[in-house]
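Biologist: Hello! I am new to this structure and would love a close look at one part of it. Could you take me through the sheet, strand by strand?

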Amino acid sequence: MATDTTATPAISHSTLVQATRTRRVFAFLSSFLFLVTLVFLILVEVGCVSSKQPVLPSIYFIKLDLTNIIPRSVPNFRLVNSIARTLGLHDFYQVGLWSYCDGYGNEVTFCSEPQRMYWFNPVEILLSELLAGATIALPSNITDALTLVRKASHWMFALFLTAACLALPTALLAPLSIHSRWASLPLTILAFLTAFTATVATVIATAMFLIFRSAIQSAADSVNIQAQIGIKMFVFMWIAAGAAILGWLIHFAQCCCCASARDVRTGRRKGRKKAYRPFGGGTEVDATGAEEKPRARRRWMGRNV
């Protein structure tokens, strides 16, 4: 009884590389995108952690300017503001993910010790810096916003840290999707978790500090505190989230698109057709190594076409 001994012929390494070139390009592109995510998440993490480095204090979520904390409507407001500085208030406070920084004028003089699950409590900070017996009263809408800040900060901290931890293995494992479309499935899940945590953390941070700034600005009549959003921090956050989303979309598409190395070896897909054409043109070689005959030219109006 005859048996079928046909088998898929071996494909040269150069042909395999050329056939899966499209998938390789997107795999390494996704790896690069998650490296971008990791770099910018690290920049988010290190903002306001040290006053010794001139760049780190400039990366903050929000900056509170207390230079003229007493509004102009109060008599002798200039004198009262100078007294407030004498009592221990700094000119500004900048909020980071792990800590805060303060200073006078445009110079950062101090950054607090980094803390896990940190949240910015201006009431506690201001009272700790005032002289003994001195107090400061903030409007109710600001104190209500602090409750939101405390709850949201814990989630934001955990999600940013999780996204940074997931971005590195996602970037390193991304090239494995070249070998098989089945390998793209777990990588897609990992990429989704990275993109999800980075995006949710970014959305929480954006909404929380915009609400906090709005609450401070609405109380300008009773306490003259200027709130400024940190442009660098917001740009870094959204670049990290955007790069992670694009990387996840690439992995998701690779589950069904672009021929993998396994597809080419088993003959399920050929991949790029240019991989089977010898240099300089001529006959085309198919996936089995056989040469395809060139198509016969047709005659039309007495000419070869």
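To begin with, how many residues lie between E3 and E4 in their hairpin, and which residue in the turn has a positive phi?

Modeller: Happy to help, and please keep in mind that this is a predicted model. Two residues lie between E3 and E4 in their hairpin, and Gly105 in the turn is the one with a positive phi, of about 65°. On either side of that turn the strands run antiparallel, and four bridges join E3 to E4, which covers residues 107-111. One of the pairs is Tyr104 with its bridge partner Glu107 in E4.

Now step across to the other side of E3. E2 and E3 also form a hairpin, this one with four residues between them. These two strands run antiparallel as well, joined by four bridges; Phe92, for example, has Gly103 in E3 as its bridge partner. E3 itself, residues 100-104, is largely enclosed by the rest of the structure, because four of its five residues are buried.

Let us pause on E2, which spans residues 92-95 and includes Gln94. Gln94 has a relative accessible area of 5%, and because buried means under 20%, Gln94 counts as buried. Its side chain reaches the backbone oxygen of Pro57 at 2.5 Å. Leaving aside residues up to four places away in sequence, Gln94 touches a varied set of residues, among them Cys48, Tyr60, Ile62, Tyr100, Cys101 and Val108.

Ile62 brings us to the next strand along. E1, residues 62-65, pairs with E2 in the antiparallel sense over four bridges, and Ile62 has Val95 in E2 as its bridge partner.

With these pieces in place, we can put the sheet together. Five strands make up an open sheet, in the order E4-E3-E2-E1-E5, with antiparallel pairing. E4 and E5 (226-229) stand at the edges with a single partner strand each, so one side of each has no neighbour in the sheet. From one strand to the next, the twist averages 25°.

Finally, look at what lies over the sheet. Helix H6, residues 184-218, lies across E1, E2 and E5, and runs at about 160° to E5. So if you follow the strands on your screen from E4 through to E5, you are tracing the order of the sheet, and H6 is the helix to look for across E1, E2 and E5.

Notes. Residues are numbered from 1 along each chain as its sequence is written. This is a predicted model: local features need pLDDT of at least 70, side-chain atom pairs count only at pLDDT 80 or more; totals for chains, interfaces and linings use all residues. Side-chain values use heavy atoms; hydrogens and water are left out. Buried means under 20% relative accessible area, exposed over 50%, partly exposed in between (1.4 Å probe, protein chains only). A polar contact is a pair of N or O atoms within 3.5 Å; within protein, one must be able to donate a hydrogen and the other to accept it, and residues adjacent in sequence count only if both atoms are side-chain atoms. Contact means heavy atoms within 4.5 Å. Two strands pair if DSSP finds at least two bridges between them. Axes are lines fitted to C-alpha atoms, for helices over the stretch in contact, and angles run from 0 to 180 degrees between N-to-C directions.
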